[in-house]
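Colleague: Got a minute to walk me through this one? I'd like to start with the helices and then move on.

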Amino acid sequence: MEGRCVVETLTEFGFSSESCSLRVGADVFLSTGSDEVYVFSDQNRELKAIILFPGPVRDLVVNEDKQTLYVACCSGVYCIGLSSLPSRVQSSRPSSIVPHMKISGEHLVIREEGVLALLLVNSVLLNLRLTKTSWLLTRYKIAEESILGSYERLGSFNAPVVSDSGHHITDERSERRPVLFCVHSAAAPSSSSLPSGHVCLEPVLFKVLFGIDAALAKSPVIFCGLLDGRLCFAAQRLPGSQLRVLHSLEQPVVFVGASAGTRTDPAECLVALGEQGKVVLVTSKQAGPEGGGIVAAFTEVTGSDLLVLDLSQASTGGSEAAMGQAGSQKSASAPQNVISLNVCRVIALTKHAWNTDGRVQLLGLSCRGQLQRISLPVGLQDGGSSQPPSSHVGRSIRDVLSAIGDVYERSSVLKASIKSRNQTLKHLNQVLNISFLLNTEADGRTLAPVQDKPIRCHATTSWSTLLQKDSLNLKCVLDNGSSYVLERGWTLNITAFPMCDSPEGESCSKHYSFPFHNLHPGEKLEISVPLATAGDLSVPCSVSCSLTFSFSGLLGEEAVTELPQGGLVSLPLNTLMVDWLHVLRVLSPADAKRNATSQPYDVTVADTIRAFLKSRCGVERDAGNEQHSATIKVSSQLLRDMLKPSEGGPEESEAVSPNVCISLLDWLLCEGHGGVKMQGDKMALTSPVVHARAPNGHTIKLTAKEVNLAQDRAVEREEPLVIVEVQIESSSLADVCGMHHAVLRRVQNLLQKAPDKPSSTIQMQSLCVREALQRAEKLLRQLQQSRISCTFGEGVSMGKVTSCLLNVYEELRGNENSLLII
Amino acid sequence: MSNERQQSPSKLSDRWIQENNELVNKWKNREPSSRDQNHAILLLSSEFHKLLRKIQGLPLLEDHTRLELCVVYNVCLLSIALSQMSEAEMLLTQTMERVLQMTSVEPMASSPPEFWRTVVTSVENRPFQSSVQNLLCVRWAICLANCTLEAIEGLQGEFSSLSAGLQQDISEARRMSSNVPLLVMEPRKLLELLQICTLITQGAERLNEGGSSAALTGLQAASSLPAPRTLVAYTHLLSGSCLAHTGRPQMALQCFRKAVETDFLCVCALYQSVLIFRCLGNTQAEIQMLRLLHSTLMLPSTSEPFTASDQIFSVSVLLRSQALRSLLFVPTALGVLHSLAQKCVLHSRVSEGVECYLDLLAAIRSEEHSVRSEDSHLPRLPELYLEAATSLLMAERPVDCMTLCDEVIATTAELLPERVVLEEPEEGVEESAMCAEGEQDRVAMLFWTGAAYLLQGHCCGHLQDWKQAVAHYTRCINLLVKVRVKEKGGQPQVPTPDVCNEKRADLQILQRMKGLSLAGRGISFAQTDQLRHAQRNLQLSLHAFPENVGARLWCGEVLWRLDRKREAAAIWEKTWNISIRSAENIPVYLREPQSGPMLDSAELRRRIRELDSS
């Protein structure tokens, strides 16, 4: 427990970031990879200024001597004099605004794109960048401050990119940066205090590693830790010097340094850290003249703790304990000599100062934007095993408590994220089940009746009058018959489109979407959509329902953009059909009487006038006496068989025979067909004649009567064939057509359900087939004639052709020619 | 309706012409700062590419062909300036295919020269003929930049007819100057450049193949062409090289002089003159030339030779032939300074030499000299130090010499090996580079340290501090005895003179250094009247390195003093009769010291005569 360190939060920046560079001069400079550099005053503990650059900042370096700041940005390297920084206005208000400084092109001193790292060695500025084929380390001579022009280029070193690591580098280019580091020989006379990023190395090790020439020229040596794991070096000012590889870590290098080296006490080993926690020490242990041994220690990655690694145990020659400097994702708990400092989530770290009592102070930035001063415990330097004095106990308990708090905070965040992930998975499971269910229905059993789908829609039509306008509403009910919950993210889509083109020639389909929350098994969702007003109704009309699921709510917007179709899954449900029978308004017998005088149903004054006008037109049309009709014949035996359940027991079938007509009409008008039902006051039908009003205002007469065919035709039969004739009469041809279609469709549906009875069809064969054929041939002739006259006949007017065709149609639909459905 | 359709592209083409001209004018009116040139070209190139994509979106029609070809010309020149030859070539071929399609000539899948001939004939007497000719110039430039001289020869006929065609074009352009797309570089200027650059490249290639006289005629014709100064200087330079190859060094020197007169920054001519003087053995002239070369190289403007501000690309893009490049090679300033220093020291201009060496060391230790990989043929830094130290000793500055030697000794101090075995290099087998390098470094380090001690001994001798001198010589000897020699298949042993053959440079150095240090110690003993020790040391010295004249004479002297006068006389006689091999390749610090106590040969002869007469 003696490995406690004091963490003091200096300020909070309130951002969270993955990577960050931190430099300490008189002030603290930090950048988070965005366009901004923050200047923080350590003494006043306040943000001094924010410097805005034209692009993302890659690296920055401070020149203490000349009081300048160099910043590598997208388009090159900028130089900013620290004296020119705006200072906070000296006002009494403590919360004065932090001054911003915008950097423009005049501060650009080196125009080079893609500079990744900077290093300042005396009066030479080095920058590292990556071209297509090589890493380029270029030297520039710093010009005097008075002439802030472009800097003179002094040549460059290059190291070819290793082919297989190329992709890796470009992918992660934005996140990771290579590391630059400068090593001086202790024998060389240079400035007494070395800035950060520089270290003084013991002369023998220096000579062994970098050669006699570098030592003789007293040249500093530049180290590059590249992203492919290579550790390269070059003597800074030796003629003909080249970048050479010292070692390869085989993982991106995140730190190069040395065990605490100062001028008086030069470092005895170099340390390099890899991203995945590999630590390489370079010492002259088994020195001799043949070269330093490289001792490597491996550690695992667990998170982002700050750790201390005692190098004296790894290398018997060294005695100094060095900080396992940690950037993001640093090494962790494997070998026995690694001590965790229990400081979590530090993403950038720099050496701050040496206290008077020999404590090491570090400056760290946590991933949530807290700038922290971390004071290492003194005991560490002595191997970390000494008993702390009792006065320190109280403090260390406080430290333990704060560490516990820290760990608790971290664990609770982790817990929350795990919980939300589980929930998301559960949700996804439901979605998958539902889509599987609906898809197998669609793929496997396409012929199965619609009712078999566990999740389906059915609908009811109803007329409502609003603002003196009649409009048709469709009430859709989504029935969740499955055992799964339809949770948040599902949307019910309803598309209504008329089967025939509207008179204007445009297909006017309508879409409605209803997002909904939880729909548990067995629950129903009711929605109501307006289909049309009475005037512009176009039936039959197909209403298709589908369910859509959007992943964006579940996974977040970014993840969704990579999914196909924008993260939307669409599952079709069933398709409903609204036909003429659904939009009829049945008139009571009293109304029907009134209707006989072709008076409209409405009684309001405005409508009366309109109705009057309409009726005038109608009279004119009626003057031509155009009453259209169509007939459908169905075997009454079939009807009896099929409509039985609604009528009652089978034994009654004979007794209720006159009721077949009524029950047929009842079935046609009131039963749900194709999932759609007509809503309205259920009036009991008493007579087999029904008057109804079509949406366009015309009256339709629907008559059903039972006819004995055998008597009628006087054909010899063993058993009389009784049929039901449904006659549709109206003054509007369109109504007749629509009604005929609707009735026929329903009867056809009925037929599909009926069991086969081959015997009755055989009986039919003898029955006036010949006659029917003759009639058909006659009609065909008529039809052909009218077509020929249409194409060739100049003398025949269009009206004549039309009336001819109409004639044929009416005869086809009429009583004589209609086919019998058995 | 049809009227409208015809009008819209022509209006669009007006807009495109305007856009093109704005870009060209922006380029021509930019601020001439050489550093940003590349960046500016890059930007301009992308703008032009955008424009070209717009234009090529339409099928090629007769009325805007000229515009498209002009833009292609501009784009290609910018690509060449950015050294993107293959892109320029591809664009050129595509454009010509479009032109052929428009003129409804079937593009044949034939060789490039045939293809171009088809193009040129198909556009004859068309309004855009001149634009196609401009593109032919571009084609020429690409061939030249790619160093494919055969391709240029294949189209020689078309190229030579270009200049007449371009002449016409100028007058035509003046006539309708209002609505003409501008070009980033005058085709006329480009053609001039191409002509002279082609002649220069051809000359260099021929010279490389040994056809000096053929090359000479071409180059002399080229020297009268109108061209930038730099290029004219090159023609003179190459003519000079041809003459030097055919054994006419004086005429060659004349040519080099002309080259420098034409362009005073033509450093390669200076360097070639240095080489000629070196061949002629005219050391004084060589030293002068080296001095001139060094001062020219130190001028700030030589680092970036041809960037005329109005040209879009530098001539060096067109001069890429390997043969030419080797002719234009110039060592770096540091290299020149080193050879200058060496020459001065070796040819009795010691004080100048010392200055040069000190300049050289100062340059290396300064922060701001530029590091170039071409500097790698400078000697290793310890050797430079030792050479400088020797020059200081020769200039009678023994204290400074001692300081430099101290520095070398201090640097190598902790790294000296306990024992070194020199193995005979095995022929045909390449050792792994790293291992050999490490081994060589250790041996070299030992030799450097030894030489430093030797020089310190000489210094002490110079200062008449004999006791100290003996100490330094002894350190040197102690180092050298650590070296064992291993014969092939044998055991490591102490080297003897008979194993020292010509091929083993390291052994020669070892024996020479041993001989010199033993001789030095012997002479020092002689000076302090320790004649027995002196005699043994001198004998051993002669055993290791028999050609040491000083040691022989001193050996005789010691014998004389020991009253063995007959033996002494015999040794002296023999010394005057042996022939000395030239020491040109021996490092200057391993030569016999010129500064120690000397014996006068005339005096010795007089003594012999006296001995004989007595």
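**Helices, a sheet and confidence**

Modeller: Sure. In this predicted model, the axes of helix H25 (residues 549-561) of chain B and helix H27 (residues 601-613) of chain B come within 12 Å and cross at roughly 40 degrees.

Colleague: Which hand does the crossing of H25(B) and H27(B) have?

Modeller: The crossing is left-handed. H25(B) and H27(B) count as oblique to each other, because the roughly parallel class needs an angle under 35 degrees.

Colleague: And which residues make the contact?

Modeller: H25(B) brings B:Leu553, B:Glu557 and B:Trp560, while H27(B) brings B:Leu604, B:Arg607 and B:Leu611. That splits into 4 nonpolar, no polar and 2 charged residues.

Colleague: OK, switching to chain A. In what order do the strands of the open sheet come?

Modeller: The order is E33-E32-E35-E36 (chain A), 4 strands with antiparallel pairing. Strands E33 (510-515) and E36 (568-578) of chain A sit at the edges with a single partner strand each, so one side of each has no neighbour in the sheet. On average, neighbouring strands are turned by 20 degrees against each other, direction ignored.

Colleague: How many bridges join E32 to E33(A)?

Modeller: There are 6 bridges between E32 (residues 490-498) of chain A and E33(A). For instance, A:Thr495 has A:His511 in E33(A) as its bridge partner.

Colleague: What's the mean pLDDT of chain A?

Modeller: It's 70, and 64% of the residues of chain A reach 70 or more. Over residues 312-336 of chain A the pLDDT is below 50, though that stretch has 65 contacts in the model beyond near neighbours in sequence. Where pLDDT is low, don't read the predicted coordinates in detail.

Methods:
Residues numbered from 1 in each chain as written. Chains lettered and ligands numbered in written order. Predicted model: local features only at pLDDT ≥ 70, side-chain atom pairs only at ≥ 80, totals over all residues. Heavy atoms only, no water. Pairing = 2+ DSSP bridges. Helix = DSSP H or I, 4+ residues; strand = E, 2+ residues; numbered from the N terminus. Axes fitted to C-alpha atoms, helices over the stretch in contact; angles between N-to-C directions. pLDDT = per-residue confidence, 0-100. Contact = heavy atoms within 4.5 Å. Parallel < 35°, antiparallel > 145°, perpendicular 65-115°, else oblique. Left-handed = near helix turned anticlockwise from the far one by under 90°. Nonpolar A, V, L, I, M, F, W, Y, C, P; charged D, E, K, R; others polar.
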